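User: I have a structure open and some questions about it. Can we go through them one at a time?

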Amino acid sequence: MRIALGVEYDGAKFYGWQRQREVPSVQEHLEKALSKIANQPIEVQCAGRTDAGVHGTGQVVHFDVNGSRPLRAWTMGVNTHLPDTIAVRWAKEVPDEFHARFTATARRYRYIIYNDALRPGILRHGVSHYHGELDDKLMHRAAQCLLGENDFTSFRAAHCQSNSPWRNVHHINVTRQGRYVIIDIKANAFVHHMVRNITGSLIAVGRKEQKPEWLKWLLEIKDRNLAAATAKAEGLYLVEVDYPKEYELPSSPVGPLFLPDEQL
């Protein structure tokens, strides 16, 4: 039997999604909890491996299990064995051809900036603090040159293991809600650090250190060394993963929940 899960987690205290030796990861905790309920070793495959400090409100995983369990065992049962920073939101039996990573058709991220002269006292691990007024309208205008299929070498980490820098961006919107500046980006897939690297350069535009046209120039020049520094991990969320409709996976509100989706 193959089971798909929707998983939510606060990445602040984890060294990323992927299981690693001697440091805590989301995958490690989830697999241990699933193995207790399944009464057998469980290994999960995820839609996207997030880095240390990055959060997930729409992560999707799948795993194979020999025995049959009611779906509530994979939600309520598993959650009793998870730390309070990880929660399974839904579970569904899926056909064997479903794969959390390879069947996915798009991923969506949000980067949340707390834009104020003073640091926040709450949500400090869920947002990235940048002082100095950011012009969200300039940032949005600059970002539109990234739409469509492009070579994202200028926004790709040096140690990225992907075979190709080409990705297809479906949308990228920058909006403001009070002190929060939200960057919402959806693409078929992402190269390593792509969202954080784009965000770093958009912040330079928002601070008026660079003009909006600079993003187009960076895209065309294909040189990571000429772009801005990588934005911090704390404000990044994997919020949604798309799959073909025939799998009928449950839908969840796009997080973080303190940002009304209709305003974005």
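User: Where does Asp51 sit: in which loop?
Analyst: This is a predicted model. The unreviewed UniProt entry annotates Asp51 as "active site". As for its place, Asp51 lies in the loop between β2 (45–46) and β3 (55–64).

User: Is Asp51 buried, exposed or partly exposed?
Analyst: Buried means under 20% relative accessible area, and exposed means over 50%. Asp51 has 25% relative accessibility, so it counts as partly exposed.

User: Which residues is Asp51 in contact with, leaving aside neighbours within four places in sequence?
Analyst: Contact here means heavy atoms within 4.5 Å. With those neighbours set aside, the contacts of Asp51 are Gly16, His192, His193 and Arg196.

User: UniProt has a "binding site" too. Is its residue, Tyr109, buried or exposed?
Analyst: The "binding site" feature at Tyr109 comes from the unreviewed UniProt entry. Tyr109 is part of strand β5. Among the residues it touches are Thr50, Phe190 and Tyr237. Its relative accessible area is 10%, so Tyr109 is buried.

User: What covers the buried residues of α2?
Analyst: Helix α2 spans residues 71–79. Its buried residues are Ala73, Trp74, Thr75, Gly77 and Val78. Their cover includes β1 (2–9), α1 (26–38), β3 and β4 (86–94).

User: Which element gives the largest share of the largest nonpolar core?
Analyst: In soluble globular proteins, nonpolar side chains tend to be buried together. The largest nonpolar core here has 51 residues. Elements giving two or more residues to this core include β5 (106–115), β8 (166–177) and α4 (194–206). The largest share, seven residues, comes from α4.

User: Phe152 has many contacts in that core. Which helix residues does it touch, for instance Ile198?
Analyst: Phe152 is listed with Ile172, Ile198 and Leu202 as having the most contacts inside the core. Leaving aside neighbours within four places in sequence, Phe152 is in contact with residues including Pro165, Val191, Met194 and Ile198.

User: How many residues are in the other core?
Analyst: Another core lies apart from the largest one. Tyr9, Trp17, Leu30 and Ala91 are among its members. Its count is 25 residues.

User: How many salt bridges are there in the whole structure, and how far apart in sequence are the parts that Arg179 and Asp116 tie together?
Analyst: The search finds 13 salt bridges. In the one between Arg179 and Asp116, the closest N and O atoms are 3.5 Å apart. Arg179 is in the loop between β8 and β9, and Asp116 is in the loop between β5 and β6 (128–130), so the tied parts are apart in sequence by 63 residues.

User: Glu133 pairs with Arg176. Which parts does this pair tie together?
Analyst: The closest N and O atoms of this salt bridge are 3.6 Å apart. Glu133 is exposed at 62% relative accessibility, while Arg176 is partly exposed at 27%. The parts tied together, 43 residues apart in sequence, are the loop between β6 and α3 and strand β8.

User: By about how much of a helical turn are Lys216 and Glu220 separated?
Analyst: These two form a salt bridge, with closest N and O atoms 2.5 Å apart. An α-helix has 3.6 residues a turn, so residues three or four places apart point the same way. Lys216 and Glu220 are four residues apart in helix α5, so their separation is about one helical turn.

User: Which residues form a nonpolar patch on the surface?
Analyst: One member, Ile221, lies in helix α5. Ile221 is partly exposed at 37% relative accessibility. Together the patch has about 260 Å² of accessible area, and its residues are Trp217, Ile221 and Leu226.

Definitions and conventions:
Residues are numbered from 1 along each chain as its sequence is written. This is a predicted model: local features need pLDDT of at least 70, side-chain atom pairs count only at pLDDT 80 or more; totals for chains, interfaces and linings use all residues. Side-chain values use heavy atoms; hydrogens and water are left out. UniProt positions are given in the numbering used here, feature names are shortened, and annotations may be inferred rather than shown by experiment. Buried means under 20% relative accessible area, exposed over 50%, partly exposed in between (1.4 Å probe, protein chains only). A nonpolar core is a set of buried Ala, Val, Leu, Ile, Met, Phe, Trp, Tyr and Cys residues joined through side-chain atoms within 4.5 Å. Patches are made of residues with over 30% relative accessible area and no salt bridge: like charges are joined within 9 Å, nonpolar side chains (Val, Leu, Ile, Met, Phe, Trp, Tyr) within 5 Å. Accessible areas come from the Shrake-Rupley method with a 1.4 Å probe; for residues, only the protein chains shown count as cover. A salt bridge is a side-chain nitrogen of Lys or Arg within 4 Å of a carboxyl oxygen of Asp or Glu.
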